[in-house]
Structure formats: C-alpha cells, structure tokens
Amino acid sequence: MGRRNSGDETWHRLKNWTKGSKEAERLASQTLRYEGFKFLDPSHPHGGPDQGKDIICYKNNKVFLVAVTFSKNELSWSKLKKKFNNDFKKMTDQQGFIFFTNQEITVAERKELKNIDEKIEIDVYHLERVSQALDSPPCYGVRLEFLDIDMTKEEQISFISSRDEVLHEINDRINEVIKESKNNIPTEELREFQNVLNQITGFSNASQISVPGLSQKGHVSKLRVPLDELKEFKKILQSIAGSNIHTRAIIGDPISRLQVPLSQLKEFKKILTSIVGKEGIGAHHSLGLNQINRLQVPLQQLKEYEETLDRIIEKKNKIE
C-alpha cells in the first residue's frame, strides 16, 4: 500500500500509535522545539517517577509543564479529560501547561480544557495539530524518525526552499543593520562578520550553483549546517538585536538597541577560526566549504556564547 496523500499518512500513523511512551515524549519534545519552545528538559523518557512532569520547557519568559498522552487505542472524552485533570493538578510553580496527545479533540472540548484555570496559560496539541506540525518542513526529520515517513519530491523542494529562506533572512538582516548603522557602528567590522557567515553558508558563490526545477540562490546545495541549528542561531541573533527578523516593517529598529560590543564579534570570529581551521576562513577559492565540512561547534556552544554576551551586557549596564 502506498503512502496516503494530503497529510493523511501522518494523521493515521499518529492515531494508530504503535510505539511506547518514551518515543511519544521524544516526539513531543522535538516538535515543541520547532514550535518555539526552548530548553526542553524531559523528566524520564525511559520510564520512572516524574510526578506527572513529562517535559519542562520555556517560552516568552514562562515555564511550561508538558504532559504527553499517546495511546494505541482511541480514548473516550471522559478518560481523556480525566488524564488531563490528573496531570494538570501536578503543576507546581509553572506558568503554563501543555497537553500533548495523539487523540482527536473537538473545538468545544479544547475550549473547555483551556478554560479550566484562567491564571494558567493552557495549550492543547491534539491529533490534527500535531499532524500539521510534523508535515511542515522543519519537522520532516522528526516525522521520519518517529513515524518512518519519507519526504515526497514536493516536500523536498519545500524543505530546500524553507532552508534557503532562513539564510536569506539572516543575510538580509545583516545588510539592513549595515545600511542603518553608518553613524553608530563601524560598518567594516560588521562586514567582516557578514563575510564569515557567507563563508559558512557558501552564500558568496550563489550564482554558480543551481537546483534543477527550482529558482533559488544555490548555496543550499553545499550547506553542511543542519536547518534546526541555523534556526537556533537565527533566534540568538534576534535576542541580540532585540527584534523579530520576520517583522520586515521594523527591521531597522533594533539598531538603536544593539548592545553587542564589536570586540565580541571579532572574538566570535577568532573562536570560529580556531574551531574550523584558519586556512578555511578567507579561502575565497574554496568559498569556505573546506571548514564547513569540519565544523564541529555544537549548538550548545552557541547558546553558551549567547549567555556570555548577556553577562557582559549586564556588567556593562551596571558600570554605566
């Protein structure tokens, strides 16, 4: 039997779940990560007492408790609501609660769950919502790992296009920063940072690479950095600049609030050089692809870099 179309395959495999709670919690954790939740901390995916706290995560300065309920059989509304209430009662100091399930929940039922406590932010990831999330380009890898569903040709093109868009947004962001910062920040140093990014992505040779049947800049075909890590890097840039990259109408606004010392940008370049090899950075004939193949920087180190910048900024503000 071939794969169902229009997202039905994902929907049916979630509904007819054949794996255990460990896989369900990991699927939930990966999906929520792409939904913008950070620092996900699973309690005991291999089993064990977790006091009902399957996952703890953060978003918009709020702490969320995530309860995961995946069943191989269809649960009645009364049983599902009882499960929700039992998990909800185990909240302690969290400001939000997420109920993540492979069960169908109607609009009226979702509204009832969300209104249980007006002081707590409640969100429900039901069967249809989880299915749609997994059928989006950022989650194709999660879908493949947990549901064993390969990408179609159309999805491959969508995935490449999505990844290319992220890189263009980062590059556009840097260009806008340079244009608006002539009187505030030396543009030459920002251009150096931009060049480092271009070398990592292969962006500077965009015109010489093409993907048949798809009009794009081409650097994607030689990219070696996973899409999820690029998105995390994008979020770090957002937090540094203090604005949303998607909000093009105010894209120049964060310049006035940019608090990153240029010396720190230079230090970032030095660290990158020490990780990937000095000969890679600036090797224009190879477009930086040599060092990309050897790039070993874990995403955690980028997060630690962001935390270090935060501490520097905090100390600087106290001194001033």
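**Stop 1: two helices side by side**

Select helix 3 (residues 77-88) and helix 4 (residues 107-114). Their axes come within 12 Å and cross at roughly 25°. That angle is under 35 degrees, so helix 3 counts as roughly parallel to helix 4. Keep in mind as you look around that this is a predicted model. The crossing of helix 3 past helix 4 is right-handed.

Now show the side chains where these helices touch. On the helix 3 side, pick Trp77, Lys81 and Phe84. They meet Glu109, Glu112 and Leu113 in helix 4.

**Stop 2: the sheet**

Next, select the strands. In what order do the five strands of the open sheet lie? The order is 1-2-3-4-5, and the pairing is mixed. At the edges you'll find strand 1 (38-42) and strand 5, each of which pairs on one side only. On average, and ignoring direction, neighbouring strands of this sheet are turned by 20° against each other.

Let's walk across, pair by pair. Strand 1 and strand 2 (residues 55-59) run antiparallel, with three bridges joining them. To see a partnership up close, click lysine 38: its bridge partner in strand 2 is tyrosine 58.

Step over to strand 3. Strand 2 and strand 3 also run antiparallel, joined by five bridges. Try isoleucine 55 here, and look opposite to valine 66 in strand 3. Then go to the turn: the hairpin of strand 2 and strand 3 has two residues between the strands. Asparagine 60, in this hairpin, takes a positive phi near 55°.

What sense of pairing do strand 3 and strand 4 have? They pair in the parallel sense, over six bridges. Select threonine 69, and you'll find threonine 101 of strand 4 opposite.

Stay with strand 3 for a moment and colour its residues by burial. Six of its eight residues are buried, so you are looking at a strand that is mostly covered.

**Stop 3: helices on the sheet**

Bring the helices back into view. Helix 2 (residues 21-34) lies across strand 1, strand 2, strand 3 (62-69), strand 4 (96-101) and strand 5. Helix 2 runs at about 120° to strand 4. Helix 3, from your opening stop, packs on the sheet too, touching strand 3, strand 4 and strand 5. The direction of helix 3 makes about 145° with that of strand 4.

For a close-up of helix 2, select serine 29. Is serine 29 buried or exposed? Its relative accessible area is 11%, and the cut-off for buried is under 20%, so serine 29 is buried. Beyond residues up to four places away in sequence, serine 29 touches Leu40, Pro42 and Ile55. You've already clicked one of these: Ile55 is the residue opposite valine 66.

**Stop 4: two loop residues**

Move to methionine 91, in the loop between helix 3 and strand 4. At 16% relative accessibility, methionine 91 counts as buried. Which residues does methionine 91 touch, not counting residues up to four places away in sequence? They are Leu65, Gly96, Phe97 and Ile120. Try the distance tool on one of these: the C-alpha atoms of methionine 91 and leucine 65 are separated by 7.0 Å, although these residues are 26 apart along the chain.

Now find histidine 126, which sits in the loop between strand 5 (121-125) and helix 5 (127-134). Histidine 126 has 8% relative accessibility, so this loop residue counts as buried. Leaving aside neighbours within four places in sequence, its contacts are Thr101, Gln103, Ile105 and Arg110. Thr101 should ring a bell: that is the threonine opposite threonine 69.

**Stop 5: helix 6**

Select leucine 144 in helix 6 (residues 140-147). With a relative accessible area of 38%, leucine 144 is partly exposed. Beyond its neighbours within four places in sequence, leucine 144 is in contact with Ile149 and Asp150. For another distance, pick leucine 134, ten residues from leucine 144 along the chain: their C-alpha atoms are 9.2 Å apart.

**Last stop: cysteines**

Finish with cysteine 57 and cysteine 139. Cysteine 57 is buried, with a relative accessible area of 0%. Cysteine 139 also counts as buried, at 2% relative accessibility. How many disulfides does the structure hold? Zero.

How values were computed:
Residues are numbered from 1 along each chain as its sequence is written. This is a predicted model: local features need pLDDT of at least 70, side-chain atom pairs count only at pLDDT 80 or more; totals for chains, interfaces and linings use all residues. Side-chain values use heavy atoms; hydrogens and water are left out. A disulfide is a pair of cysteine sulfur atoms within 2.5 Å. Buried means under 20% relative accessible area, exposed over 50%, partly exposed in between (1.4 Å probe, protein chains only). Helices (H or I, at least four residues) and strands (E, at least two) are DSSP runs, numbered from the N terminus. Contact means heavy atoms within 4.5 Å. Two strands pair if DSSP finds at least two bridges between them. Axes are lines fitted to C-alpha atoms, for helices over the stretch in contact, and angles run from 0 to 180 degrees between N-to-C directions. Angles under 35 degrees count as roughly parallel, over 145 as roughly antiparallel, 65 to 115 as roughly perpendicular and the rest as oblique. A crossing is left-handed if the near helix is turned anticlockwise from the far one by less than a right angle, and right-handed if clockwise.
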